[in-house]
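Hi everyone, thanks for making room for me today. I'd like to walk you through one structure, a few spots at a time, so please have the viewer open.

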Amino acid sequence: MKMALKFLSVFFLSAASLYAGELKIVSSGRTNSKIVAASSESATKFAAKELSLYVEKMTGARLPIVASDRSVSIVKFELRDSVEGLEFEEFKIEVSGRTILIQGGSPRAVLYGVYEILEHFGCGFWSPVNESVPKLKNLTLDTKFTVSAKPGFAWRQVHSQYGYNIRWKPKARINGSMWTYPTPKELGGCESMAMGQALAGINNNEASKKLFDEHPEWFAWREKEKKYVRNQMCTLNDDVVNAIIAKIRAKYKRNPSKIRYESVSMRDNDKTCQCKKCSRFSQKHGGRSALIVECANRVAKNIAKDLPNVRIVFLAYWITSSPPKDLHLEPNVTVCWARLRNFAVPPSEVPGHDKTLNRWRELAKDNVVIWDYNAQFRGFLLPTPIIDMMGPGLREYSKKNIKGVLMQMGGFGALLMDAAELRTWLCARLMWNPSLDEWSLINKWCEGACGEGADEVKAWLQIRKKARDRKRSYGPYDPDSLNVFKPRELLEGYLLMKKALKDTESDNRTHEQMLRLYLSPLTAIICNYNRGVAARAKADKIDLPSREKLVDEFEQICTKYKVTSFGEGMPSISEFIKLMREGGELLRKK
């Protein structure tokens, strides 16, 4: 009888909880809830540990992890991977009775699902060095809570030093591994995409030195110099093609279980081969892209039968950006298209952009990935007012069925490139779901990452947007801030960020974030101090420190965060500081 009463008590408690519309996971810091993870997969086990860890950080209550639990009287998180009917990176969260199901098409997807529900509980993974975890006495979940999500692009890579952080990548749902160490299986693994500018590795710096000594005829013939040069290889040379094939076959002695990409691309210069064969071929087929298309086709055709899961990818960029007029692409060839352009407007508004991209899509039967940009290469640290333009661009790519995107933002050594953490986080979110509104995301990041400084950061970002929309032109190789911003706007940004620093003094996490964001307007003020900024400050009665004192601040921040690079082809940070202290100028107004 006592057992029956106990059962009825549990039943009515459960029913009351469900009727109330919420599951009580933790109450007043105490819990009977569990995490059930029966899978032997390391990423699913890691997902369970992360869920338990962050719940404990939030509430002080630890959720035990068990392989099974048939109880119907307690709230459980149940993690299931490789669920039939779900795509590889797709996850679904739903409530069934008193069980919170986190299901994924793979262990990686389950890990994404865990971070999704932690964010629903209030956690914020703003960057590898800025996370916010709320302190809660009670943790509940609505019984109607449900989420179903899958990526907008199959392959997603953010080229910034924050975007390469191995432990943060699954929190941001970045799955690419280019230019970084592969994400270990425990953290969900990664997708391989070789987009480098080397012919399967035989044309990289080290390999080409030896090859050039042994086989100079494999390399590009240049008419002006009347000799072979090591800058490029002759991609129509039979021995070169055979060497590429041999390199790939040595790497894949048997067909891999998953799709793998191998790059057959020219190096980043315009010194293509001008031998008679190459000159005639490129002239016949309408441009130098024909030279790399033919090479990729020959390699792809050779390996297609016994290595069907190996795809050949080539970079269509600069001298090879425009497609050949009449060459087809083999079915196992993927095009990576990259185009420097005006980033102040959506891609479709750039003359010729869509026409060229659509032609590549036609030739490649939609096997296209994009190498895109959100950067100022001559001045990584200067205000780059195109952060929000990732949204329109990624939405257009999604509608065109682009398979994957690499977004290049800054160079190595430029850890604090302008708004680096915001840009990385925003890009990752939009790559996962391009339909999201970029400004809603930007505001969410500001509020979560910046705390009491959020309003000032939002205001500065709006000033940048207004300046950009007024100019409607912004390229990746023009570092002169005065071509976009008025001196008064630079001063407004500087003053806003100074205020944000003061407003966050009592909170180390957000204060450090403000310091990292402050470097960009500070750099602009220093570079333009004698080019209208100081005069504008004097006219507006703004108490602006001397340039020497501003350079002192700049040096302290760069030293603290180990910033060494100003921009491509520009002085190093130490050289820049020396130049500023000597009264020199880096930029010149056009």
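Let's start at Ala500, which touches Gly453, Glu456 and Met514 once residues up to four places away in sequence are set aside. Before I go further, please keep in mind that this is a predicted model. Ala500 sits in helix 14, and with a relative accessible area of 0% it is buried. One of its contacts deserves a second look: Gly453 is 47 residues from Ala500 in sequence, yet the two C-alpha atoms are 4.3 Å apart in space.

While we are on helix 14, let's see how it packs. Helix 14, residues 487–503, has its axis 8 Å from that of helix 16, residues 529–539, and the angle between them is about 75 degrees. Anything from 65 to 115 degrees counts as roughly perpendicular, so helix 14 is roughly perpendicular to helix 16. On the helix 14 side, the residues in this contact are Pro487, Arg488, Leu490 and Leu491, and they meet Gly532, Val533, Arg536 and Ala537 of helix 16. Sorted by class, that contact of helix 14 with helix 16 has 5 nonpolar, 1 polar and 2 charged residues.

Now for another helix pair. At roughly what angle do helix 2 and helix 3 cross? The answer is roughly 10 degrees, with the axes of helix 2 (residues 42–59) and helix 3 (residues 107–120) coming within 8 Å. Angles under 35 degrees count as roughly parallel, so helix 2 is roughly parallel to helix 3. The helix 2 residues here are Ala43, Thr44, Phe46, Ala47, Glu50, Leu51, Tyr54 and Met58; across from them, helix 3 offers Pro107, Arg108, Val110, Leu111, Val114, Tyr115, Ile117 and Leu118. By class, the contact of helix 2 with helix 3 has 13 nonpolar, 1 polar and 2 charged residues.

Let me pick out two residues from helix 2. Thr44 lies in that helix; is it buried or exposed? Thr44 has 0% relative accessibility, so it counts as buried. Apart from neighbours within four places in sequence, Thr44 is in contact with Ser39, Leu79, Asp81, Pro107 and Val110. Then there is Tyr54, which has Lys57 lying over the face of its ring, 4.6 Å from the ring centre. If you like that kind of arrangement, have a look at Trp432 too: Arg173 lies over its face, at 4.8 Å from the ring centre.

That brings me to the aromatics. How many aromatic pairs are there? The count comes to 18. One of them is Tyr373 with Phe377, an edge-to-face pair at 5.9 Å centre to centre, with 90 degrees between the planes. Phe377 also pairs with Phe380, again edge-to-face, at 6.3 Å centre to centre and 85 degrees between the planes. Tyr373 is buried at 6% relative accessibility, Phe377 is buried at 1%, and Phe380 is buried at 3%. Ring pairs link Phe343, Tyr373, Phe377, Phe380 and Tyr477 into a cluster.

From Tyr373 we can step over to Val158: the two are 215 residues apart in sequence and 9.8 Å apart in space, C-alpha to C-alpha. Val158 lies in strand 11, residues 155–159, and it is buried, with a relative accessible area of 0%. Leaving out residues up to four places away in sequence, Val158 touches Gly163, Tyr164, Ile174, Met407, Met409, Thr424, Cys427, Ala428 and Met431.

Last stop, the backbone. Most residues other than glycine have a negative phi. Which way does Trp179 go, positive or negative? The phi of Trp179 is positive, near 65 degrees. Trp179 is placed in the loop between helix 4 (169–172) and helix 5 (205–214), and it is partly exposed, with a relative accessible area of 38%. Ala419 has a positive phi as well, of about 45 degrees, although it is not a glycine. You'll find Ala419 in the loop between strand 18 (404–408) and helix 11 (420–432), and at 7% relative accessibility it counts as buried.

That's my tour, and I'm happy to take questions.

Technical notes: Residues are numbered from 1 along each chain as its sequence is written. This is a predicted model: local features need pLDDT of at least 70, side-chain atom pairs count only at pLDDT 80 or more; totals for chains, interfaces and linings use all residues. Side-chain values use heavy atoms; hydrogens and water are left out. Axes are lines fitted to C-alpha atoms, for helices over the stretch in contact, and angles run from 0 to 180 degrees between N-to-C directions. Helices (H or I, at least four residues) and strands (E, at least two) are DSSP runs, numbered from the N terminus. Angles under 35 degrees count as roughly parallel, over 145 as roughly antiparallel, 65 to 115 as roughly perpendicular and the rest as oblique. Contact means heavy atoms within 4.5 Å. Ala, Val, Leu, Ile, Met, Phe, Trp, Tyr, Cys and Pro count as nonpolar, Asp, Glu, Lys and Arg as charged, and the others, Gly among them, as polar. Rings of Phe, Tyr and Trp (its six-membered ring) pair if their centres lie within 6.5 Å; planes under 30 degrees apart count as stacked, over 60 as edge-to-face and the rest as tilted. Buried means under 20% relative accessible area, exposed over 50%, partly exposed in between (1.4 Å probe, protein chains only). A charge sits over a ring if NZ of Lys or CZ of Arg is within 6 Å of the ring centre and within 35 degrees of the ring normal.
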